[in-house]
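These are my notebook entries on a structure that I went through element by element. I wrote down what I looked up and what I found each time.

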Amino acid sequence: MATARAHAHHVDPVERLQEEHKAWKHDHPKDFMADPVKKDNGEIDWLTWQCAIPGPKKTLWEGGFYKLQLTFPQDYPFSPPKCVFNPVILHPNVFPSGKVSLSLIDKNKGWKPQITTKEVLLGIQLLLGEPNFQDPAQAEAYVVYSQSRMEYEERVKKQAKEMAPNGLG
């Protein structure tokens, strides 16, 4: 690893994530959650975060609390985290695997090393309420939406209820 250390641009992803987490705890958007995962041995895995995003207000998603896992690469922040909804949600820009498709977190599109986890989560929240139907990643959501706007809206609302924080909606 000596060569990488000497590299002028080297940023330790763990140090960067510890800083981000400290800033997050001090000030983060209401009802959002973001914490690094604790391993079985009690150690913190700084490269894996459990997060949750509240559905944006005044949208079909309101009331839901959508859980996702962020996996940070070894070369973070030069590459974006992989963001995966678990459980998978019905959304045109979420792959069947749960992975989010969004230019903000695409290394070849909108990603910049200055972008923080907070901005990523806010960007994903925005995407919930404003899907990009031009670039669908999930056939099911896209097809339902294309065939019946009403059924799509019903299913998203039902999903918000199922994913409400207390499960009662």
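**Entry 1: helix α3**

I began with helix α3 in this predicted model, and I asked which of its residues are buried. I found Thr117, Val120, Leu121, Gly123, Ile124, Gln125, Leu127 and Leu128 on the buried list. I then looked up what these buried residues pack against, and the elements are α2, β1, β2, β3 and β4. I also checked the length of the helix: the 13 residues of α3 should span 18 Å at 1.5 Å a residue, and since its end C-alpha atoms are 19 Å apart, the two values agree.

I picked out Leu121 and listed its contacts, leaving aside residues up to four places away in sequence. Leu121 touches Trp24, Phe32, Met33, Ala34, Cys51, Ile53, Leu68 and Leu70.

**Entry 2: the largest nonpolar core**

Next I asked which residues of the largest nonpolar core touch the most other members. Of its 37 residues, these are Leu68, Phe85, Leu121 and Ile124. I noted as well that α2, β2, β3, β4, α3, α4 and α5 each supply at least two residues of this core. As a reminder to myself, nonpolar side chains in soluble globular proteins tend to be buried together.

**Entry 3: the strands**

I turned to the strands and followed their pairing from β1 onwards. Strand β1 (residues 33-38) is joined to β2 by six bridges, and the two run antiparallel; in this pairing, Pro36 has Trp49 of β2 as its bridge partner. I looked at the connection too, and β1 and β2 form a hairpin with five residues between them, where Gly42 in the turn has a positive phi of about 90°.

Strand β2 (residues 44-54) also pairs with β3, again in the antiparallel sense, over seven bridges. I wrote down two of the partners in β3: Leu68 is the bridge partner of Cys51, and Thr71 is that of Thr48. I then asked how many residues of β2 are buried. The count is eight of the eleven, so β2 is largely enclosed by the rest of the structure.

On the way to β4 (residues 82-85), I found four bridges joining that strand to β3, and these two run antiparallel. Here Leu68 is matched with Phe85 in β4.

**Entry 4: Phe65**

I stayed in β3 for one more residue, Phe65, which has its place in that strand. Is Phe65 buried or exposed? Its relative accessible area is 17%, and because buried means under 20%, Phe65 counts as buried. Leaving out residues up to four places away in sequence, I found that Phe65 touches Asp31, Met33, Ala52, Ile53, Pro54, Met163, Ala164 and Pro165. I also compared Phe65 with Asn166: the two are 101 residues apart in sequence, and their C-alpha atoms are 9.4 Å apart in space.

**Entry 5: aromatic pairs**

I searched the whole structure for aromatic pairs and found seven. One of them is formed by Phe72 and Tyr76, an edge-to-face pair with 4.8 Å from centre to centre and 70° between the planes. I checked accessibility for both partners: Phe72 counts as buried at 4% relative accessibility, and Tyr76 is buried with a relative accessible area of 1%. Another pair is that of Phe133 and Tyr152, also edge-to-face, at 6.2 Å centre to centre and 70° between the planes. Phe133 lies in the loop between α3 and α4 and Tyr152 in helix α5, so this pair ties together parts that are 19 residues apart in sequence. Both Phe133 and Tyr152 are buried. Finally, I noted that ring pairs link Trp49, Phe72, Tyr76 and Trp111 into a cluster.

**Entry 6: helix α5**

Tyr152 led me to helix α5, where the buried residues are Tyr152, Val156, Gln159 and Ala160. Seen down the axis of α5, these buried residues fall within an arc of 105°, so they line one face of the helix. On the other side of α5, I found Met150, Lys158, Lys161 and Glu162 exposed. What covers the buried residues of α5? The cover includes β3 (65-71) and α4 (139-147). My last check was on its length: α5 has 14 residues (149-162) and reaches 20 Å from its first C-alpha to its last, close to the 20 Å expected at 1.5 Å a residue.

Conventions. Residues numbered from 1 in each chain as written. Predicted model: local features only at pLDDT ≥ 70, side-chain atom pairs only at ≥ 80, totals over all residues. Heavy atoms only, no water. Expected span 1.5 Å × (residues − 1). Buried < 20%, exposed > 50% of the residue type's maximum accessible area, 1.4 Å probe, protein only. Arc of directions from axis to C-beta. Contact = heavy atoms within 4.5 Å. Pairing = 2+ DSSP bridges. Phe/Tyr/Trp six-rings, centres within 6.5 Å; stacked < 30°, edge-to-face > 60°. Core = buried A, V, L, I, M, F, W, Y, C linked by side-chain atoms within 4.5 Å.
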